[in-house]
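Welcome, and thanks for taking a look at this chain. Please open the model in your viewer and keep it beside the text as you read.

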Amino acid sequence: MDLVSVIIPTYKGSMALRRAIDSVLKGTHTKVEIIVVDDNVPDSQERKLTEMIMESYQKDRRVIYIKHKNNLNGAAARNTGIAQATGDYIAFLDDDDYYLEDRVGRCVRYMLAHENMIGVYVGVDVVDENGNVTTQIRPKRELKVSDLLMNEMAIGTGSNIFLRGAAVSGIEGFDTRFTRRQDIEFMIRVCRCGSIGFITDRLIIKSVNGTSNLPAYAKMKDTIKLFSDVFEKDIDALGKQKEVFFARQYRVLLYTAMQERNREEVMEAQDIIRQFGNLSLKEKFLILIYTLNMRDNKVVAAGIRWKKIVQSSILKRKKG
């Protein structure tokens, strides 16, 4: 049985970390090494909780625990894991996701049967905080760069990366400049090096904990620019789909601005999107809600005045 190194970066994920680790240990493929990279701030409560969890795996030689001296970011944590890995294959697992029983075994068997492939991705179910399936990803063809550019959910989760160790050693790890879309930028560079096969069956569960991981508006805007600059040639190769690509990028920026309830940012993102296409009715409605935020004193005051007018009118009718 070939050794598989599963790298689990963790940051503020202690509540689900044990589930992630155990999903690998309980898998049908038993020749694994699990590398947990703790990227929490050293003196934080989350670091203490993570250390307590990892104590229960001290006697299991399959589990390796590495602690960063400072919070670096997810890309750096994955690179730390890659540097430690000794497996014939390298896989990744986010601390809030988990593998189904035969995820690793099926991937190893696939790779043994397809020597021309440098990696494989599988089916994923995305579930909400109540365990309800919200999205299903079922790959039906080899992964292409265009898939990754046009659909941020092309692989569903960074936990869907499974590569030959030799292929990973030829790639310069994750780009630590990226605070978001780290798995996408990494896999674009992987796809340039060889073919990524697919297994349609669901083998990974991606959990959504109900909290948003969108970065601040300015950081998101910088990330989009960085992504566009780094992969300019790949984006140009999209041809007529290039405008669709940019519209989708800036839609994410719009939702980031809405989350921050910043009118100037919302209007800026709206104007950028309009350079590439029309806003949907849903987006127009959301923009209206967020720009006329009910927490705004003027809007609240107008609402109160209107309520008093309506109540007064009702009372007059009753008296009449």
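What follows is a short walk through the fold, two of its helices, some backbone angles and the cysteines.

**The chain as a whole**

Please bear in mind that this is a predicted model. Its chain has 320 residues, and 49% of them are buried. The secondary structure comes to 13 helices and 9 strands. If you take the contacts with a separation of 6 or more, 76% of them join residues 24 or more positions apart. The accessible surface is about 17100 Å², and carbon and sulfur atoms account for 51% of that area.

**Helix α3 and its surroundings**

Helix α3 covers residues 74–84, and its buried residues are Ala75, Ala76, Ala77, Arg78, Gly81 and Ile82. What do these buried residues of α3 pack against? Their partners are the strands β1 (4–10), β2 (32–38) and β4 (89–92), together with the helices α6 (165–169) and α7 (182–191). At the start of α3 there is also a side-chain to backbone approach to look for: an oxygen from the side chain of Asn73 comes within 2.9 Å of the backbone nitrogen of Ala75.

**Helix α10**

Helix α10 runs over residues 242–260, and its length offers a simple check. With 19 residues at 1.5 Å a residue, α10 should span 27 Å, and this agrees with the 28 Å between its end C-alpha atoms. Many side chains here are worth a click; the buried ones include Phe245, Phe246, Tyr250, Leu253, Leu254 and Met258. As background, an α-helix has 3.6 residues a turn, so residues three or four places apart point the same way. Just after α10 comes Arg261, whose phi is positive at about 55°.

**Positive phi in two loops**

Most residues other than glycine have a negative phi. Two loop residues with a positive value are set out below, along with their place and accessibility.

| Residue | Phi | Loop | Relative accessible area |
|---|---|---|---|
| Lys12 | near 55° | between β1 and α1 (14–25) | 59% |
| Arg181 | near 60° | between α6 and α7 | 6% |

Are these residues buried or exposed? Lys12 counts as exposed because its relative accessibility is 59%, whereas Arg181 is buried because its value is 6%.

**Arg18 in helix α1**

Arg18 sits in helix α1. With a relative accessible area of 36%, Arg18 is partly exposed. Which residues does Arg18 touch, leaving aside those up to four places away in sequence? They are Ile53, Ser56 and Tyr57. For Tyr57, 39 residues from Arg18 along the chain, the C-alpha to C-alpha separation is 9.7 Å.

**The cysteines**

How many disulfides does the model contain? The count comes to 0. Cys191 shows the reasoning: the closest cysteine sulfur is in Cys193, and because it lies 9.0 Å from the sulfur of Cys191, it is too far for a bond. The cut-off behind that step is 2.5 Å between the two sulfur atoms. Cys191 has a relative accessibility of 14% and so counts as buried. Cys107 is buried too, with a relative accessibility of 0%.

Terms used
Residues are numbered from 1 along each chain as its sequence is written. This is a predicted model: local features need pLDDT of at least 70, side-chain atom pairs count only at pLDDT 80 or more; totals for chains, interfaces and linings use all residues. Side-chain values use heavy atoms; hydrogens and water are left out. Buried means under 20% relative accessible area, exposed over 50%, partly exposed in between (1.4 Å probe, protein chains only). Helices (H or I, at least four residues) and strands (E, at least two) are DSSP runs, numbered from the N terminus. Contact means heavy atoms within 4.5 Å. A polar contact is a pair of N or O atoms within 3.5 Å; within protein, one must be able to donate a hydrogen and the other to accept it, and residues adjacent in sequence count only if both atoms are side-chain atoms. The expected span of a helix is 1.5 Å times one less than its number of residues. Accessible areas come from the Shrake-Rupley method with a 1.4 Å probe; for residues, only the protein chains shown count as cover.
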